[in-house]
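Please open the structure in your viewer and keep the sequence panel beside it. The tour below moves from one selection to the next and says what is to be found at each stop.

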Amino acid sequence: KMATGSSGNSLTCKARTPGSAMPEDTKGKKEAESKDVEMKDADEKKDKEGKDAKKEKEEPPPKTPRMILLEAIAQNLKTIAAGVTAGDPRVMGRVLRSFAQLRRTMEPEVLKALLEEFVDPARPNKAQYIAAVPPADVEMTDADKAKPKEVEIKFPQLSKPYPPELEAYAVLSLVVKLSDKNEKEKSLETASALVLFLKTLNRRTLDFFNARAYFYLSLAYERCGRLSEIRPELLAAYRSACLRHDQMGQATLLNLLLRNYLAYNLYDQALKLVSKTSFPESRPNMQYARYLFYIGQIKAVQLEYSDSHSKLMQAIRKAPQTASVALGFKLAASKLAIVVELLMGGIPERSFFMQKELKEPLRPYYAITQAVRSGDLHAFKECTKTYEALFKKDKTLTLINRLRYNVIKTGLRSISLAYSKISLQDICTKLGLESPQDAAGVVAKAVVDGVIDATIDYDQQFVKSNQKLDLYHSCEPQKALHKRIAFCLQMHNDAVKAMAYPDENDNKDAEDPEEKREREKRELANIEDEEGGDDDMII
């Protein structure tokens with residue numbers, strides 16, 4: 001029993017020995033696990049730091065304005081070279097649309113380098129071009145000089161000899177810059193030299209450059225006060241554009257000729273030119289908007305108010321709809337449209353005057369509209385006298401003077417609705433006329449024109465209004481419906497004519513749909529910017 005007990009004790013002792021070692025083992029394991037976790041955390045931190053460092057190395061530095069400018073110029077130069085090689089003049093229009101962005105960011109050093117590289121050294125005007133480059137707007141300070149050097153000016157390597165399109169692009173960039181700086185004489189000399197250079201060439205890929213060169217040449221002559229001197233040159237250029245089937249040149253030059261005639265109030269010559277010419281069907285939108293404005297101006301002077309109002313409203317719709325783009329064009333067209341609508345006997349909608357960007361400039365015309373609407377001849381005379389200088393500047397004073405009879409007609413219409421019988425003396429007092437005889441003459445003309453339905457009793461000196469018939473028993477609703485249908489059909493026809501279809505050769509190089517959509521978005525944005533240039537939408 002003792003042995004068994006001792007053996008039991010020994011067994012129990014052996015059993016306790018591993019039991020007594022358990023706490024020490026668990027401590028060691030915990031310490032090892034904590035060390036492993038710390039090592040893993042340290043490794044993860046190192047990995048994250050390494051990845052962050054790689055990302056910082058991989059992220060390129062932000063592009064400077066000069067880098068962006070050089071990239072845009074390089075893309076244009078490559079596009080021109082590819083268009084010349086393919087013989088496709090349409091790509092030149094895409095290049096010219098980019099001027100809206102380049103004109104704001106062009107630097108004198110880059111422009112000089114562009115002229116030195118792509119203008120033929122044998123050209124006698126090369127030194128004149130380089131000397132005409134305007135200086136920078138702001139002079140460099142000591143802090144600017146201490147900054148690191150700008151990016152080196154480099155252009156893409158293109159095959160030599162350079163085509164004349166590249167030289168035209170470089171010189172046209174200079175002309176645009178001089179025009180923006182309002183350098184009248186330099187702009188005139190440079191544009192004249194560019195036109196002379198382009199006249200020696202007969203290449204379809206130069207048509208867009210030729211049209212834009214004539215545009216800035218006419219603008220330079222106008223700013224120098226010598227617009228009439230360029231008229232024979234424009235007529236000869238238009239004849240050449242018609243013979244060459246240069247539609248861009250025809251559209252641009254026809255608008256320049258109309259502007260030239262209207263600047264000197266030569267409405268008869270302008271009307272003859274319009275009657276003997278036709279505006280090209282595949283026209284640029286901005287040129288067509290200008291053309292419609294000029295036609296509306298001519299029709300208004302010729303007393304064709306309905307046609308004039310239709311053309312002016314089309315011009316406003318075809319102008320860029322962005323608030324700050326082509327503001328001068330939309331303002332001039334809106335002023336003329338308001339006056340023409342008043343001459344037609346209508347009243348413009350109040351929302352037309354409440355547009356944020358046009359509200360303040362249209363305030364004088366709003367006052368005129370209120371006077372015409374109320375039939376108050378005294379208020380009309382006062383408003384005309386107050387804003388006479390502005391109306392002369394806008395060339396609408398002649399048309400506004402014609403509104404006097406419309407004011408009287410509106411007053412007569414109100415009197416006819418309010419009174420079944422009224423004396424000529426009371427009409428004279430209400431309308432502010434000089435004598436009852438004048439009132440009788442005005443009423444008689446209004447009756448003949450169909451403004452009011454009344455009879456005049458000359459013996460007893462009064463006017464008796466007849467019972468007014470229901471408008472819907474007449475043909476007026478049918479005429480209004482026909483007018484709206486004709487407008488919708490005309491809009492449909494214009495949309496069909498404006499559609500452009502890609503060539504079959506363009507489908508050979510498959511383009512990803514996403515890339516195509518992005519490219520079309522960029523082109524639409526460039527077109528809107530280009531139409532919004534300060535010079536491109538002059539009226």
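**First stop: a patch on the surface**

Select Leu 489, which counts as exposed because its relative accessibility is 52%, where exposed means over 50% relative accessible area, buried under 20%, and partly exposed in between, with a 1.4 Å probe and protein chains only. The model is a predicted one, in which local features need pLDDT of at least 70 and side-chain atom pairs count only at pLDDT 80 or more, while totals for chains, interfaces and linings use all residues. Residues are numbered from 1 along each chain as its sequence is written, and side-chain values use heavy atoms, with hydrogens and water left out.

Leu 489 belongs to helix H25, which covers residues 476-498; helices (H or I, at least four residues) and strands (E, at least two) are DSSP runs, numbered from the N terminus. Add Leu 481 and Ile 485 to the selection, and the three residues together make a nonpolar surface patch of about 290 Å². Such patches are made of residues with over 30% relative accessible area and no salt bridge, with like charges joined within 9 Å and nonpolar side chains (Val, Leu, Ile, Met, Phe, Trp, Tyr) within 5 Å.

**The whole chain**

Now zoom out to the whole protein, whose secondary structure comes to 26 helices and 3 strands. Of its 539 residues, 40% count as buried, and its accessible surface comes to about 32500 Å², of which 53% belongs to carbon and sulfur atoms. These areas come from the Shrake-Rupley method with a 1.4 Å probe, and for residues only the protein chains shown count as cover. Among contacts (heavy atoms within 4.5 Å) between residues at least 6 apart in sequence, 69% join residues at least 24 apart.

**Into the core**

Which residues have the most contacts inside the largest nonpolar core? They are Ile 73, Leu 115 and Tyr 169, in a core of 137 residues, to which helix H16 (residues 327-343) gives the most, with 11 residues. A nonpolar core is here a set of buried Ala, Val, Leu, Ile, Met, Phe, Trp, Tyr and Cys residues joined through side-chain atoms within 4.5 Å.

Centre the view on Tyr 169 and show its surroundings: leaving out residues up to four places away in sequence, Tyr 169 touches several residues, among them Ile 73, Leu 77, Phe 99 and Phe 209. Move next to Phe 155, placed in the loop between helix H7 (142-146) and H8, which is buried, with a relative accessible area of 15%. With residues up to four places away again not counted, the contacts of Phe 155 include Ile 73, Leu 77, Val 110 and Phe 118. Phe 155 and Val 110 are 45 residues apart in sequence, and their C-alpha atoms are 9.9 Å apart in space.

**Salt bridges**

The structure holds 12 salt bridges, each being a side-chain nitrogen of Lys or Arg within 4 Å of a carboxyl oxygen of Asp or Glu. Select Arg 203 and Glu 165, which form one of them, with the closest N and O atoms 2.9 Å apart. Arg 203 lies in the loop between helix H9 (184-199) and helix H10 (207-223) and Glu 165 in helix H8 (residues 164-180), so the pair ties together parts that are 38 residues apart in sequence. Arg 203 is partly exposed at 31% relative accessibility, whereas Glu 165 is buried, with a relative accessible area of 0%.

Go on to Asp 394 and Lys 335, whose side chains meet in a salt bridge at 3.0 Å, N to O. This pair links distant parts of the chain, 59 residues apart, with Asp 394 in helix H20 (residues 388-394) and Lys 335 in helix H16. Asp 394 counts as partly exposed at 24% relative accessibility, and Lys 335 is buried, with a relative accessible area of 8%. Elsewhere, Asp 120, Arg 123 and Glu 167 are joined into one network by salt bridges that share partners.

**Last stop: a buried serine**

Finally select Ser 308 in helix H15 (residues 305-318); is this residue buried or exposed? Ser 308 counts as buried, at 0% relative accessibility. The side chain of Ser 308 reaches the backbone oxygen of Gly 296 at 2.6 Å. Apart from neighbours within four places in sequence, Ser 308 is in contact with Gly 296, Lys 299, Ala 300 and Val 340.

Methods: A polar contact is a pair of N or O atoms within 3.5 Å; within protein, one must be able to donate a hydrogen and the other to accept it, and residues adjacent in sequence count only if both atoms are side-chain atoms.
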